[in-house]
Amino acid sequence: MISGSERLPSGAVSKRRPQLAPWRMAGRASEDQPSADDVVRETGWIFNNETGHDLSLDEFVATGTEEVGWYCHHLGLFWGTAASGRTFVEVGSGIGRMTAALTRYYHRVIACDLDAAFLERCRETVALHGVVEHLQTSHVEDGQTLALPDESADVVFSYITLQHCNREDALALVQEALRVVRPGGRVALNFRTWTAKDALLVPVGAVVRMIWRIIPSLAKAPRLVTRFGWQANRLSPHDVVPVAGEACPDAAMVMIFQSSRRRRDLSTAVPVHRLEGAHPGHWWLVVQR
Ligand SMILES: C[S@@+](CC[C@H](N)C(=O)[O-])C[C@H]1O[C@@H](n2cnc3c(N)ncnc32)[C@H](O)[C@@H]1O
């Protein structure tokens with residue numbers, strides 16, 4: 001692991017920043033499981049929302065493989081082959097649902113996550129389903145800084161992660177992605193913006209996180225409560241594009257990809273492309289340096 005830091009005591013961090021609590025709790029739960037299949041049955045719902053006594057790692061990884069193919073194709077992230085020596089940084093890798101497939105396409109995949117236990121499980125997933133020699137892991141100890149050198153990656157990618165960070169962490173990670181990508185490389189970051197049901201989801205989430213702040217151990221509450229609590233932000237291109245512009249004033253190209261199910265374009269400042277089948281609240285910032 002690149003920054004082999006000590007696990008942070010969850011109490012100290014979660015009291016101050018409750019949005020980190022469920023991930024650390026789930027990481028701890030994953031440490032107690034005897035096999036990779038058990039990890040998926042116990043904590044897999046955190047990543048792909050599937051539950052069941054018969055879930056297996058194979059099925060879990062298959063969902064990630066499909067999504068890697070789809071997103072890398074549509075966002076223009078398939079460059080060359082693994083043999084061409086490209087480096088891909090995945091921010092918020094979890095237990096490696098997508099990482100396994102990425103190691104087959106990229107020579108070096110750096111899986112970054114807030115939780116060190118997830119990164120250990122990610123290595124196990126990649127050993128079973130990917131090319132483990134292509135994997136490196138990096139602990140995002142403070143939730144906002146990538147322990148990677150400037151201009152060291154061809155692609156920096158993040159999927160269903162930045163919506164779970166608080167706003168400052170998510171925007172800091174945007175800046176970090178643009179620092180780490182090399183000139184000519186591409187950043188593709190997934191966000192979640194407002195939809196009608198957020199009128200309920202976001203305030204309830206704030207209440208759940210307030211309770212976690214007071215009683216951190218409740219962050220391992222039932223699935224439904226946790227799912228409310230971890231929706232930590234809604235960011236639109238209006239919030240993110242200026243931050244990206246400041247971090248990377250010499251970008252060769254800035255684009256937004258949004259769901260084809262939204263009637264209005266999310267941005268008037270940069271070109272917008274439509275993605276068939278994407279979640280209506282999801283959008284992507286794609287920057288070519
Ligand atoms: C919903 S999971 C998605 C994992 C993976 N991208 C996938 O699709 O299977 C979100 C992941 O982001 C990680 N995460 C949450 N906040 C983070 C932060 N501030 N920095 C890095 N990782 C974070 C969590 O630990 C978790 O593994």
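These exercises, each with a worked solution, deal with salt bridges, buried arginines, unusual backbone angles and a surface patch.

The model is predicted, so local features need pLDDT of at least 70, side-chain atom pairs count only at pLDDT 80 or more, and totals for chains, interfaces and linings use all residues. Residues are numbered from 1 along each chain as its sequence is written, and side-chain values use heavy atoms, with hydrogens and water left out.

**Exercise 1. Find which residues are linked with Asp154 in a network of salt bridges.**

Solution.
Step 1. Start with the term. A salt bridge is a side-chain nitrogen of Lys or Arg within 4 Å of a carboxyl oxygen of Asp or Glu. A search of the whole structure finds 12 of these.
Step 2. Take one pair. Arginine 86 and aspartate 154 meet through their side chains at 3.6 Å, N to O. The two are 68 residues apart, with arginine 86 in the loop between α5 (57-74) and β1 (87-91) and aspartate 154 in strand β4. Helices (H or I, at least four residues) and strands (E, at least two) are DSSP runs, numbered from the N terminus.
Step 3. Take another pair. Aspartate 154 also meets arginine 182, at 2.4 Å, N to O. This pair joins strand β4 to strand β5 across 28 residues.
Step 4. Check the cover. Buried means under 20% relative accessible area, exposed over 50%, and partly exposed in between (1.4 Å probe, protein chains only). Aspartate 154 is buried, at 8%. Arginine 86 is partly exposed, at 24%. Arginine 182 is partly exposed too, at 23%.
Result: Arg86, Asp154 and Arg182 form the network.

**Exercise 2. Place the salt bridge between arginine 179 and aspartate 150.**

Solution.
Step 1. Read the distance. The side chains meet at 2.8 Å, N to O.
Step 2. Locate both ends. Arginine 179 lies in helix α8 and aspartate 150 in the loop between β3 and β4, so the pair ties together parts that are 29 residues apart in sequence.
Step 3. Compare with the cut-offs. Arginine 179 is partly exposed, with a relative accessible area of 25%. Aspartate 150 counts as exposed, at 51%.

**Exercise 3. Describe the surroundings of arginine 209, which is buried yet has no salt bridge.**

Solution.
Step 1. Place the residue. Arginine 209 lies in helix α9.
Step 2. Look for an opposite charge. Lys and Arg count as positive and Asp and Glu as negative; His and the chain ends are not counted. The nearest such side chain, glutamate 168, is 10 Å away.
Step 3. Look at the backbone. The side chain of arginine 209 reaches the backbone oxygen of glutamine 231 at 3.0 Å.
Step 4. List contacts (heavy atoms within 4.5 Å). Leaving aside neighbours within four places in sequence, arginine 209 contacts Pro18, Gln19, Phe228, Gly229, Gln231 and Ala232.

**Exercise 4. Do the same for arginine 192, also buried yet without a salt bridge.**

Solution.
Step 1. Arginine 192 sits in strand β5 (residues 181-192).
Step 2. The nearest side chain of opposite charge is aspartate 198, 4.0 Å away.
Step 3. Residues up to four places away in sequence are not counted; arginine 192 then touches a set including Gln163, Lys197, Asp198, Gln231, His279 and Trp283.

**Exercise 5. Place glutamate 151 and isoleucine 160, and give the phi of each.**

Solution.
Step 1. Recall the background. Most residues other than glycine have a negative phi.
Step 2. Glutamate 151 has a positive phi, near 50°. Its place is the loop between β3 (135-139) and β4 (153-158). Glutamate 151 is partly exposed, at 43%.
Step 3. Isoleucine 160 has a positive phi of about 35°. This residue lies in the loop between β4 and α8 (167-180). Isoleucine 160 counts as partly exposed, at 25%.

**Exercise 6. Of leucine 218 and alanine 219, decide which is buried and which is partly exposed.**

Solution.
Step 1. Leucine 218 is found in the loop between α9 (198-214) and α10 (223-229). Alanine 219 lies in the loop between α9 and α10.
Step 2. Leucine 218 is partly exposed, at 38%. Alanine 219 is buried, at 3%.
Step 3. See what alanine 219 contacts. Beyond neighbours within four places in sequence, these are Ala21, Pro22, Met25, Trp212 and Thr226. Alanine 219 and arginine 24 are 195 residues apart in sequence, yet 9.1 Å apart in space, C-alpha to C-alpha.

Definitions and conventions
Polar contact = N/O pair within 3.5 Å; in protein donor to acceptor, adjacent residues only side chain to side chain.
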